Amino acid sequence: DLVLSAVGRPLNPRGRTGTSGRGLLGKWGPNHAADPVVLRRKPGASGTTDGANYQMVAIQRADTGQWAIPGGMVDDGELVSETLRREFSEEAGALED
């Protein structure tokens with residue numbers, strides 16, 4: 001059964017987590033992410049179908065320097081396909097071979 005707090009927010013059925021408010025979530029409610037995995041055959045590759053002949057798109061994050069799949073959060077009222085197109089062009093739009 002769903003138990004609500006005094007202000008009408010759902011309580012964690014497993015007890016306190018130490019997190020308050022939304023925690024790391026950007027907003028209350030659904031927080032959908034759109035992260036495309038984009039692959040292509042290596043230029044000039046032929047023959048085998050193992051993973052050695054494929055390349056994957058990745059970006060190096062400006063904030064942490066880590067490698068990641070390009071993508072981001074779906075805005076309210078936005079289609080996931082629009083988010084994928086927007087985020088990919090923002091983060092990996094200037095790709096070169």
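A polar contact is a pair of N or O atoms within 3.5 Å, in which, within protein, one atom must be able to donate a hydrogen and the other to accept it. The legends below use this term for a predicted model.

**View 1. The whole chain, with 1 helix and 6 strands.** Followed from the N terminus on, the elements of the predicted protein run β-β-β-β-β-β-α. Of its 97 residues, 13% count as buried, and the accessible surface comes to about 7,900 Å², of which 54% belongs to carbon and sulfur atoms. Where contacts between residues at least 6 apart in sequence are considered, 36% of them join residues at least 24 apart.

**View 2. The largest pocket of the protein, with a volume of about 430 Å³.** Of the 13 residues that line this pocket, P10, N12, R16, T19 and G21 are the closest to its centre. By residue type, the lining of the largest pocket divides into 4 nonpolar, 6 polar and 3 charged residues. Rolling a probe the size of a water molecule over the atoms shows where empty space is left.

**View 3. D35 in the loop between β1 (33–34) and β2 (39–41).** D35 counts as partly exposed because its relative accessibility of 45% lies between the limits of 20% and 50%. Once the neighbours within four places in sequence are left aside, D35 is in contact with I69, P70, G71, G72 and L84. With G72, the link runs from the side chain of D35 to the backbone nitrogen of G72, at 3.5 Å. D35 and M73 stand 38 residues apart in sequence, while their C-alpha atoms are 8.6 Å apart in space.

**View 4. E78 in the loop between β6 (72–73) and α1 (80–92).** Does E78 count as buried or exposed? E78 counts as buried, because its relative accessibility is 17% and buried means under 20%. The side chains of E78 and T83 are joined by a polar contact of 2.8 Å. Apart from neighbours within four places in sequence, the residues in contact with E78 are M73, T83 and R86, so that T83, the partner in the polar contact, appears in this list as well, where contact means heavy atoms within 4.5 Å.

Definitions and conventions:
Residues numbered from 1 in each chain as written. Predicted model: local features only at pLDDT ≥ 70, side-chain atom pairs only at ≥ 80, totals over all residues. Heavy atoms only, no water. Helix = DSSP H or I, 4+ residues; strand = E, 2+ residues; numbered from the N terminus. Buried < 20%, exposed > 50% of the residue type's maximum accessible area, 1.4 Å probe, protein only. Areas by Shrake-Rupley, 256 points an atom, 1.4 Å probe, with all protein chains shown as cover. 1 Å grid on protein atoms, 1.4 Å probe; cavity = no way out; pocket = protein on both sides within 12 Å on 5 of 7 lines; lining within 4 Å. Points joined across faces, edges and corners; volume = space filled by probe spheres on them. Nonpolar A, V, L, I, M, F, W, Y, C, P; charged D, E, K, R; others polar.
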